[in-house]
Amino acid sequence: MTYFVEEASVETVNARIGIDTDPRLAEIMAGVVKHLHAFVKEVKLTSDEWAVAIDFLTRTGQICTQERQEFILLSDVLGCSMLVDAVTNRRPKGATESTVLGPFHVENAPVREHGAVISLDGKGESCLFEGRVLDLEGQPIEGACVDVWSDNADGFYDVQQPGIQPQWNNRGRFFTGADGHYSFIGIRPVSYPIPDDGPVGQLLGHLGRHPWRPAHMHYMISAPGFRKLVTHTFVGGDQYLSSDSVFGVKETLIAPYERLEGAPTLWRSPFDFIMMPV
Ligand code: BEZ
Ligand code: FE
């Protein structure tokens, strides 16, 4: 039997993992203990500071509801969501890059016709979003589901304002035809702060960080035989591109926004998505 001593803390704790433990769980938990102990030793964490951390995590859990996931937000602002995404979704050159899903995706948005309007509240500057879903060889992908969502012109998603915004405002699913083309009319998205009235917002405040995200349109694209792509396109020139509170920006995801004259929409944002096989 080994009693707990500081010098052998990691070995002592990890030696208790049972031999019948799922090997991947054993690997992950041994890693958690190794890095957690190293962190405590590195910063010489005091009991009072650990109590503050426990209180913070408790409040993070307590504010979670069906509509609000504060732990995902915490993972996002710590860059952990982007890191897990990077490790999980390594893509070959040429494939469209992924980024954070965020907490505002809703399953089963209405399937709409090509060119349909998804902005239902009459607010914002209209924008035609169009492009193609292609494979790595540049061939169109037929039957791809292009699931899109964005905030409204006030910077809120419909699910943040039930009863104020129409349900499914700025959301929709589009299926590509044989030419791989998709198109819909939304609004030019605006930058918005992530929910900052909870423990994560307080933490950002203590760290001198702002909660803003640069304007973006969300996409989740799936097609049989291809890896699901969760990504955004960003509005070039946004003041928060280089300080996104959740680190979601990638250079390749900054899309053109062309100002139109005499057209049905004020803006046009063309973007092709390149999918990789499973
Ligand atoms: C979003 O883009 O919807 C989002 C992403 C991460 C945290 C909060 C919101
Ligand atoms: Fe968003």
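**Close-up views of a predicted model**

**View 1. Glu27 sits in helix α2, which covers residues 23-43.** The model shown here, and in every view that follows, is predicted. The side chain of Glu27 makes a polar contact with the side chain of Arg24, at 3.1 Å. Now look for Gly262: Glu27 and Gly262 are 235 residues apart in sequence, and their C-alpha atoms lie 61 Å apart in space. For a sense of scale, the C-alpha atoms of the protein fill a box of roughly 80 × 40 × 30 Å along the principal axes. The protein has 6 helices and 12 strands, and 42% of its 278 residues count as buried.

**View 2. Thr88 belongs to helix α5.** This residue is exposed, with a relative accessible area of 52%. A polar atom in the side chain of Thr88 lies 2.6 Å from the backbone oxygen of Val84. Pro189 is another residue to look for here: 101 residues separate Thr88 and Pro189 in sequence, and the C-alpha to C-alpha distance is 28 Å.

**View 3. Ligand 1 and the residues around it.** Twelve names are a lot to take in at once, so here they come in two batches. Among the residues around ligand 1 are Leu73, Asp76, Gly102, Pro103, Phe104 and Tyr157. The list also includes Tyr192, Ile194, Arg213, His216, His218 and Val246. The space that ligand 1 takes up is the largest cavity. Two elements give two or more residues to the shell around ligand 1: α4 (70-77) and β7 (216-222).

**View 4. Polar side chains and the oxygen atoms of ligand 1.** Let's zoom in on three side chains. An N or O atom in the side chain of Arg213 is 2.5 Å from an oxygen atom of ligand 1. For the side chain of His218, the distance from an N or O atom to an oxygen atom of the ligand is 3.0 Å. Tyr157 has a polar side-chain atom 3.5 Å from an oxygen atom of ligand 1. How much of the accessible area of ligand 1 does the protein cover? On its own, ligand 1 has 270 Å² of accessible area, and the protein covers 100% of that.

**View 5. Asn108 and Asn170 both have positive phi values.** Start with Asn108, a residue other than glycine whose phi is near 60°. Asn108 lies in the loop between α5 (80-88) and β1 (126-134), and at 56% relative accessible area it is exposed. Then move to Asn170, which is not a glycine either and has a positive phi of about 60°. Asn170 is found in the loop between β2 (145-149) and β3 (171-175). Is Asn170 buried or exposed? With a relative accessible area of 0%, Asn170 is buried.

**View 6. Cys80 and Cys127, in a structure with 0 disulfides.** A disulfide is a covalent bond between the sulfur atoms of two cysteines. Why is Cys80 not in one? The closest cysteine sulfur, in Cys64, is 15 Å from the sulfur of Cys80, so the two are too far apart for a bond. The cut-off for a disulfide is 2.5 Å between sulfur atoms. Cys127 is in no disulfide either: the nearest cysteine sulfur belongs to Cys145 and is 20 Å away. As for exposure, Cys80 is partly exposed at 38% relative accessible area, whereas Cys127 is buried at 0%.

**View 7. His210 in a loop, with Tyr240 across from it in space at 9.7 Å.** The loop that holds His210 runs between α6 (199-206) and β6 (212-213). His210 is partly exposed, with a relative accessible area of 26%. Along the chain, His210 and Tyr240 are 30 residues apart, and their C-alpha atoms are separated by 9.7 Å.

**View 8. Pro277 in the segment after β12 (273-274).** Pro277 has a relative accessibility of 44%, so it counts as partly exposed. Which distance separates the C-alpha atoms of Pro277 and Gly225? These C-alpha atoms are 5.8 Å apart, while the two residues are 52 residues apart along the chain.

Technical notes. Residues are numbered from 1 along each chain as its sequence is written. Chains are lettered from A and ligands numbered from 1 in the order in which they are written. This is a predicted model: local features need pLDDT of at least 70, side-chain atom pairs count only at pLDDT 80 or more; totals for chains, interfaces and linings use all residues. Side-chain values use heavy atoms; hydrogens and water are left out. Buried means under 20% relative accessible area, exposed over 50%, partly exposed in between (1.4 Å probe, protein chains only). A residue is near a molecule or strand if one of its heavy atoms lies within 4 Å of it. A polar contact is a pair of N or O atoms within 3.5 Å; within protein, one must be able to donate a hydrogen and the other to accept it, and residues adjacent in sequence count only if both atoms are side-chain atoms. Accessible areas come from the Shrake-Rupley method with a 1.4 Å probe; for residues, only the protein chains shown count as cover. On a 1 Å grid over the protein atoms alone, a cavity is a set of points where a 1.4 Å probe fits but cannot get out, and a pocket is an open set with protein on both sides within 12 Å along at least five of seven lines; lining residues have an atom within 4 Å of a point. A molecule sits in a cavity or pocket if more than half of its atoms lie within 2 Å of its grid points. Helices (H or I, at least four residues) and strands (E, at least two) are DSSP runs, numbered from the N terminus.
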